[in-house]
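Visitor: I would like a close look at one part of this model, the five-stranded sheet and the helix lying across it. Could you then walk me outward to whatever else is worth a look?

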Amino acid sequence: MYRYDTYDQAIVDARVAEFRDQVARRIAGEMTDDQFKPLRLKNGLYLQLHAYMLRVAIPYGTINAKQLRVLAHIARKYDRGYGHFTTRQNIQFNWIRLEDAPDILAELAKVEMHAIQTSGESIRNISADQYAGAAADEVCDPRPWAELIRQYTTFHPEFSYLPRKFKIGLTASDNDRAAIKLHDVGLQIVRGPDGETGFRVFVGGGMGRTPFVAHLIRDFLPAGSICSYLEAILRVWNRHGRRDNIHKQRIKILVHDLGAQEFARQVEEEWQTIQHLDDDIPLKEYERIAAYFTPPPFEEGLSDELDLSDPRFAAWVERNVDAHKQPGYAIATISLKPLGGIPGDVSADQIDLIADLAEKYSFDDLRPTHAQNLVLPHVRKADLYAIWQALDAADLATANLDLISDIIACPGLDYCSLANTRSIPLAQKLTERFADPARQLDIGELKLKISGCINACGHRHIGVLGVDRKGTENFQLLFGGSGAEDASLGKIIGPGFSEDGVVDAIERAVEKYRDLRTDGERFLDTYRRVGSDPFKEAIYG
């Protein structure tokens, strides 16, 4: 993984010192809350319902054991003994005291971590495929490119005073595990006709109040031009983006209003004026950065055979283990969705255990995922049983990847001041309703996601949306969405429900799917084939 140089460390240390002074001035009453708000947001500090929340960046979802142990320490010392992994591959701490925030940032800085630009109107944490460097289907490891873009955009003037937040996602596979088409800019690394590396560029995706699937504006961009092309995109947005209406400030609105073709034309025109500025510098930088992402020292000649005589272990392997590009190795997903648990939550003790497993069995490499789980990317198949045993003892071995109990959920009204409804209790009730492992396997892939408000932090365009109905929590169902390469937005199926009512409604929809499906059809496939009417009839009668 990438290591800070003296320049990186100086930037982070200076920011910590600056923020320590800002916090002291706020506590002393020398600064109003309105004056302090944009400063704390630039450092990942939110004020929620009950306390401050600190969001820590995990760039492109790569973290090591030393960093994990510091996160466990922070959870114990400054929070209530746990952290919460997000859909942007970050981690949040929900019970932070303002006076402790500078000390936390200082402790993070010692292990090359920070919370810079994890909130506010700035470029957010750049996310990537959690299987990067391990997946057999990738063109190359996308993380060096993500790191190059992270360095280029951090504190870059064109990226510093944006109309609204801005999110970039990268993948190097046709199987989109990074939901790039639901990002402001989505980048797919591809090979050109002569085998050269380049990018397919998608712009204008996003969820929230006004959702859009991103448009392809360039089918092939030479890799060495990625920085100048991104700057051209930002220049067009900064020039035309709405700043007078918070609901119309995202780049997706501009792309929609101008039209994708006209937006692409303006980007290309702008790019022609600035592309000479970077020349081959990004490629030279790429080579420097890529040296930090060389493949680990895999053993050769390992067996692919596994002893699956333990049925619970066999079920975990079948569900939570994926193929690796290196023979004898596997990719293992740690589910943070136990029965009745809070999606994405993990205790300090569990974090320490996971750090030990990453260090011992996965070349000191761990990846948070977009679905609020964790991945050990490079595991010898011979070690899978020992890993499973350790996870099982810590309530981390739920075999439910992409099943109905593998729920994404935002913190909701239990924490968030923007929420209308509680997401966590609903997620817990749903996992209990569908607790039977055999039933979950029979249902198959069904990705259920919950957001407690219109902002879609829980990716609710493919799941459940919480709304306020005259002071009462109400839940609407959305069907037909996908965050994968076949990206689509879910549509509201009909009137909303109470918390218990929506659990019953989901169960009726699932049973209708089981009646309608053909062999091998996922819920999404069946819905797309038959449409919404059969499900509406099953749900509403």
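Guide: Gladly; here is that sheet, followed by a second sheet, a helix pair and an aromatic pair.

This is a predicted model, in which local features need pLDDT of at least 70, side-chain atom pairs count only at pLDDT 80 or more, and totals for chains, interfaces and linings use all residues. Residues are numbered from 1 along each chain as its sequence is written, and side-chain values use heavy atoms, with hydrogens and water left out.

Your sheet is open and mixed, with its five strands in the order S5-S6-S7-S8-S9. Strands here are DSSP runs of E with at least two residues, helices are runs of H or I with at least four, and both are numbered from the N terminus; two strands pair if DSSP finds at least two bridges between them. Strand S5 (127-128) and strand S9 (215-222) are at the edges with a single partner strand each, so one side of each has no neighbour in the sheet. S9 runs antiparallel to strand S8 (residues 197-203), joined by five bridges, and Val201 stands opposite Arg218 in S9. Across strand S6 (168-171), strand S7 (185-191), S8 and S9 lies helix H7 (residues 226-240), running at about 150 degrees to S9. Such angles run from 0 to 180 degrees between N-to-C directions, with axes fitted to C-alpha atoms, for helices over the stretch in contact; contact means heavy atoms within 4.5 Å.

Moving outward, another open sheet has four strands in the order S10-S11-S14-S13, with antiparallel pairing. Its edge strands, S10 (321-323) and S13 (367-368), each pair on one side only. Three bridges link S10 to strand S11 (residues 329-334), and Ala323 has Ala330 as its bridge partner in S11. Here helix H12 (residues 348-361) lies across S11 and strand S14 (374-380), at about 30 degrees to S14.

Next come two helices: the axes of H1 (residues 6-27) and H2 (residues 33-41) come within 11 Å and cross at roughly 160 degrees. That makes H1 roughly antiparallel to H2, a label for angles over 145 degrees. Phe19, Gln22, Val23 and Arg26 of H1 meet Asp33, Phe36, Leu39 and Arg40 of H2.

Finally, the structure holds 22 aromatic pairs, where rings of Phe, Tyr and Trp (its six-membered ring) have centres within 6.5 Å. One of them, Tyr2 with Tyr292, is edge-to-face (planes over 60 degrees apart), at 5.0 Å centre to centre and 65 degrees between the planes. Tyr2 and Tyr292 are 290 residues apart in the chain.

Definitions and conventions. Parallel < 35°, antiparallel > 145°, perpendicular 65-115°, else oblique. Phe/Tyr/Trp six-rings, centres within 6.5 Å; stacked < 30°, edge-to-face > 60°.
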